[in-house]
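Work through the exercises below with the sequence and the 3D view side by side. Try each task before reading its solution.

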Amino acid sequence: MPSDPALGSAVTSNLEAWYAAQADVPGVEVHCDPDITWMLSNGTTWSNSGTSIRFEPKTARKRLDQILKQYAHHGRGAGFWVDDDATPSGIEDLLKDRGF
């Protein structure tokens with residue numbers, strides 16, 4: 001199925017705004033980092049997730065592992081929204097290697 005860059009950008013922007021709106025909720029951590037926007041909470045499912053993944057190829061493994069360590073420390077699973085602009089190009093493989 002062909003992708004629609006405008007739609008993908010709108011979905012990513014919507015997710016970033018939703019995460020930011022959670023920042024004042026007690027027990028929720030929102031991280032708007034230059035290379036990923038991610039949220040950690042005591043909620044379930046997509047309340048513990050990341051979007052706008054823009055890791056540098058040389059540090060992607062380390063960066064992903066740093067974030068996953070935070071989820072594990074809090075006893076939480078996580079999910080990641082991988083859009084067409086996600087980097088590095090092998091991000092899907094890095095996630096699969098970690099059980100996603």
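The exercises below concern a predicted model, and each is followed by its solution.

**Exercise 1. Strand E2**

Task: Decide whether strand E2 (residues 36-40) is enclosed or open, and state what covers its two faces.

Solution.
Step 1. Count the buried residues. In E2, 5 of the 5 residues are buried, so the strand is largely enclosed by the rest of the structure.
Step 2. Split the strand by face. Ile-36, Trp-38 and Leu-40 sit on one side, and all are buried. Thr-37 and Met-39 sit on the other side, and they are buried too.
Step 3. Conclude. Both faces of E2 are covered.

**Exercise 2. Strand pairing**

Task: Which strands does E2 pair with, and in what direction do they run?

Solution.
Step 1. Take E1 (residues 29-33). It is joined to E2 by 5 bridges, and the two strands run antiparallel.
Step 2. Fix the register with one pair. Val-30 has Met-39 of E2 as its bridge partner.
Step 3. Look at the connection. E1 and E2 form a hairpin, with 2 residues between them.
Step 4. Take E3 (residues 49-51). Here 3 bridges link it to E2, again in an antiparallel arrangement.
Step 5. Fix this register as well. Thr-37 has Thr-51 of E3 as its bridge partner.

**Exercise 3. Thr-37 in its setting**

Task: Is Thr-37 buried or exposed, and which residues does it touch?

Solution.
Step 1. Place the residue. Thr-37 belongs to strand E2.
Step 2. Apply the cut-off. Buried means under 20% relative accessible area. Thr-37 has 6% relative accessibility, so it counts as buried.
Step 3. List contacts, leaving out residues up to four places away in sequence. Thr-37 touches Glu-16, Tyr-19, His-31, Cys-32, Ser-49, Gly-50, Thr-51 and Ser-52.
Step 4. Link back to the pairing. Thr-51, among these contacts, is also the bridge partner of Thr-37.

**Exercise 4. The faces of helix H1**

Task: Describe the span, the N-terminal cap and the two faces of helix H1 (residues 5-21).

Solution.
Step 1. Check the span. H1 has 17 residues and reaches 24 Å from its first C-alpha to its last, close to the 24 Å expected.
Step 2. Find the cap. Asp-4 caps the N-terminal end, with a side-chain oxygen 3.1 Å from the backbone nitrogen of Ala-6.
Step 3. Name the buried residues. They are Thr-12, Leu-15 and Tyr-19. Seen down the axis of H1, they fall within an arc of 60°, so they line one face of the helix.
Step 4. Recall the geometry. An α-helix has 3.6 residues a turn, so residues three or four places apart point the same way.
Step 5. Find the cover. E1, E2 and E3 are among what covers the buried residues of H1.
Step 6. Turn to the face away from the buried side. It carries the exposed residues Ala-6, Leu-7, Asn-14 and Ala-21.

**Exercise 5. Two loop residues**

Task: Compare the settings of Asn-48 and Arg-54.

Solution.
Step 1. Place Asn-48. It lies in the loop between E2 and E3. Its relative accessibility is 2%, so it counts as buried.
Step 2. Follow its side chain. The side chain of Asn-48 reaches the backbone nitrogen of Ser-41 at 2.7 Å. Its contacts beyond four places in sequence include Met-39, Tyr-71 and Arg-76.
Step 3. Place Arg-54. It lies in the loop between E3 and helix H2 (60-73). At 26% relative accessibility, Arg-54 counts as partly exposed.
Step 4. Follow its side chain. It makes a polar contact with the side chain of Asp-83 (3.1 Å).
Step 5. Check sequence against space. Arg-54 and Thr-87 are 33 residues apart in sequence, yet their C-alpha atoms are 4.7 Å apart. Beyond four places in sequence, Arg-54 touches Asp-35, Asp-83, Asp-85, Ala-86 and Thr-87.

**Exercise 6. The nonpolar core**

Task: Which residues have the most contacts inside the largest nonpolar core, and which element gives the most to it?

Solution.
Step 1. Size the core. It has 15 residues, and those with the most contacts inside it are Phe-55 and Phe-80.
Step 2. Assign the sources. E2, H2 and helix H3 (91-97) each supply at least two residues of this core. H2 gives the most, with 5 residues.
Step 3. Inspect Phe-55. Its contacts beyond four places in sequence include Ile-36, Leu-64, Ile-67 and Ile-91.

Methods: Residues are numbered from 1 along each chain as its sequence is written. This is a predicted model: local features need pLDDT of at least 70, side-chain atom pairs count only at pLDDT 80 or more; totals for chains, interfaces and linings use all residues. Side-chain values use heavy atoms; hydrogens and water are left out. Buried means under 20% relative accessible area, exposed over 50%, partly exposed in between (1.4 Å probe, protein chains only). Helices (H or I, at least four residues) and strands (E, at least two) are DSSP runs, numbered from the N terminus. Two strands pair if DSSP finds at least two bridges between them. Contact means heavy atoms within 4.5 Å. A polar contact is a pair of N or O atoms within 3.5 Å; within protein, one must be able to donate a hydrogen and the other to accept it, and residues adjacent in sequence count only if both atoms are side-chain atoms. The expected span of a helix is 1.5 Å times one less than its number of residues. The arc is that of the directions from the helix axis to the C-beta atoms. A nonpolar core is a set of buried Ala, Val, Leu, Ile, Met, Phe, Trp, Tyr and Cys residues joined through side-chain atoms within 4.5 Å.
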